[in-house]
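Got the viewer open? Let's take a walk through this structure, one selection at a time.

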Amino acid sequence: MSELVKVENLKKYFPFKEGIFSRKVRYLKAVDGVTFSMEKGETLALVGETGSGKTTTGRTMLRLYEPTDGKIYFEGKDITKIPLRKFKKTRVQMQMIYQDPYSSLNPRMSIFNIIAEPLRELKYGNLEEKVLSLLESVGLRKEHMYKYPDEISGGQQQRVAIARALGVNPKFLVLDEPTSALDVSVQAQILNLLENLQKEKGFTYLFISHDLSVVRYISQRVAIMYLGKIMEIGSVEQIFESPQHPYTKLLLQSVPIPDPKDKKKRKKLILPGEIPSPLNPPSGCPFHTRCPYAKEICKEKEPEYVEVERGHLVKCHFAEVIK
Ligand SMILES: Nc1ncnc2c1ncn2[C@@H]1O[C@H](COP(=O)(O)OP(=O)(O)O)[C@@H](O)[C@H]1O
Ligand SMILES: [Mg+2]
């Protein structure tokens, strides 16, 4: 296996004004020094509560946001700073699938046009044939071609979004909670589709999710994110069978519970305590305010990563002490 994507100390800070008349600009550190690499063909899951910086990490890797600092490599090439005009060729190889398929599709365009749009620039011979074969590869048929997004179901909308992304022959896909807005019965179908496409085409996936049962099923490696930082990263076995970080342990204990008010039955991660504001992150270890094991040093000093096993990194002062 060889490496496809790598980020090194990636940061994305959003400027934040206290008030309309305030001159003081502060920064919200949505992604704050993230490092990991991904092998060709693998699925790395990025897991964490809402607001931990998962979406921003994905978007910054594709330079949909310009990184504040750090480096992004694609196929060994540093793509952090190449001018956007020249970046176009690489960018099509990196696609993103969003949580809410309806809002990611232009409601005024037919399915045909939605899928054909990115292909026109690539000058395909027979667009109709190409679009049809893309539709079929995601389990849709010719009859869907001239419908509009609001005339098909949520699962079909997500299939269309996937077909549109596939048309440009990507290698790397950021899947941002691709099934969490869908009915439970449809979720498994979309996950199967994504898995089959990966097997067929060798895609590399960054799979963003807070549903740990899905993560366990679909990914080979898992990164646990909290307040813009990776707290623990390792193989699925390492994370699920021998989690080391207190935050990971808490996540694993808090089985996502279905939200009764939510008709689509999406699951929410419920953890004790509140996630601190990323505008005012805690000193030292960002997790110390919620950590049952926190000691003085955790308030004072940010922990380094400890490699507890090959490829299993933990950002905790007591990584090998807490059992
Ligand atoms: N475009 C933006 N401008 C300002 N702040 C943002 C923007 N996008 C996200 N944030 C903030 O960055 C933090 C991380 O957000 P996000 O990456 O969406 O987290 P997640 O996907 O894990 O829920 C949040 O505090 C969010 O409010
Ligand atoms: Mg998100």
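Start at ligand 1 and colour α1, which gives the most residues to the shell around this ligand, 3 in number. Helices (H or I, at least four residues) and strands (E, at least two) are DSSP runs, numbered from the N terminus. A quick word on what you're looking at: this is a predicted model, where local features need pLDDT of at least 70, side-chain atom pairs count only at pLDDT 80 or more, and totals for chains, interfaces and linings use all residues. Residues are numbered from 1 along each chain as its sequence is written, while chains are lettered from A and ligands numbered from 1 in the order in which they are written.

Now select the whole shell: Phe 14, Leu 28, Ala 30, Gly 48, Thr 50, Gly 51, Ser 52, Gly 53, Lys 54, Thr 55, Thr 56 and Pro 278. To be near the ligand, a residue needs its C-beta atom, placed from the backbone, within 6 Å of it. Two elements, β2 (25-39) and α1 (54-61), give two or more residues each to this shell. Colour by type and you get 4 nonpolar, 7 polar and 1 charged. Here Ala, Val, Leu, Ile, Met, Phe, Trp, Tyr, Cys and Pro count as nonpolar, Asp, Glu, Lys and Arg as charged, and the others, Gly among them, as polar.

Next stop, the largest nonpolar core. It has 72 residues, and Val 47, Leu 175, Ala 223 and Ile 224 have the most contacts inside it. Such a core is a set of buried Ala, Val, Leu, Ile, Met, Phe, Trp, Tyr and Cys residues joined through C-beta atoms within 7 Å. "Buried" means 20 or more other C-beta atoms within 10 Å of the residue's own, "exposed" 12 or fewer, and "partly exposed" in between, with C-beta atoms placed from the backbone. Click on Ala 223: setting aside residues up to four places away in sequence, it touches Phe 36, Leu 44, Ala 45, Leu 46, Ile 230 and Ile 233. Contact means that two C-beta atoms, placed from the backbone, lie within 7 Å.

Hop over to Ala 163, in helix α6. Is Ala 163 buried or exposed? Buried, with 22 other C-beta atoms within 10 Å. One of its contacts beyond four places in sequence is Ile 115; the two sit 48 residues apart along the chain, yet their C-alpha atoms are separated by 6.6 Å.

Follow the chain into the loop between α6 and β7, where you'll find Asn 169. Asn 169 isn't a glycine, but has a positive phi of about 55°. Most residues other than glycine have a negative phi. Asn 169 is exposed, with 11 other C-beta atoms within 10 Å.

Further along, pick Glu 177 in the loop between β7 and α7. Glu 177 also has a positive phi, about 50°, and counts as buried with 20 C-beta neighbours inside 10 Å.

Last, look down the axis of α7. Its buried residues are Gln 187, Ile 190 and Leu 194. They fall within an arc of 75° (taken from the directions from the helix axis to the C-beta atoms), so they line one face of the helix. Elements covering them include α6 (154-166) and β7 (172-176). Spin to the other side and Ser 185, Asn 192, Lys 199 and Glu 200 are exposed. Just after α7, finish at Gly 202, with a positive phi of about 70°.
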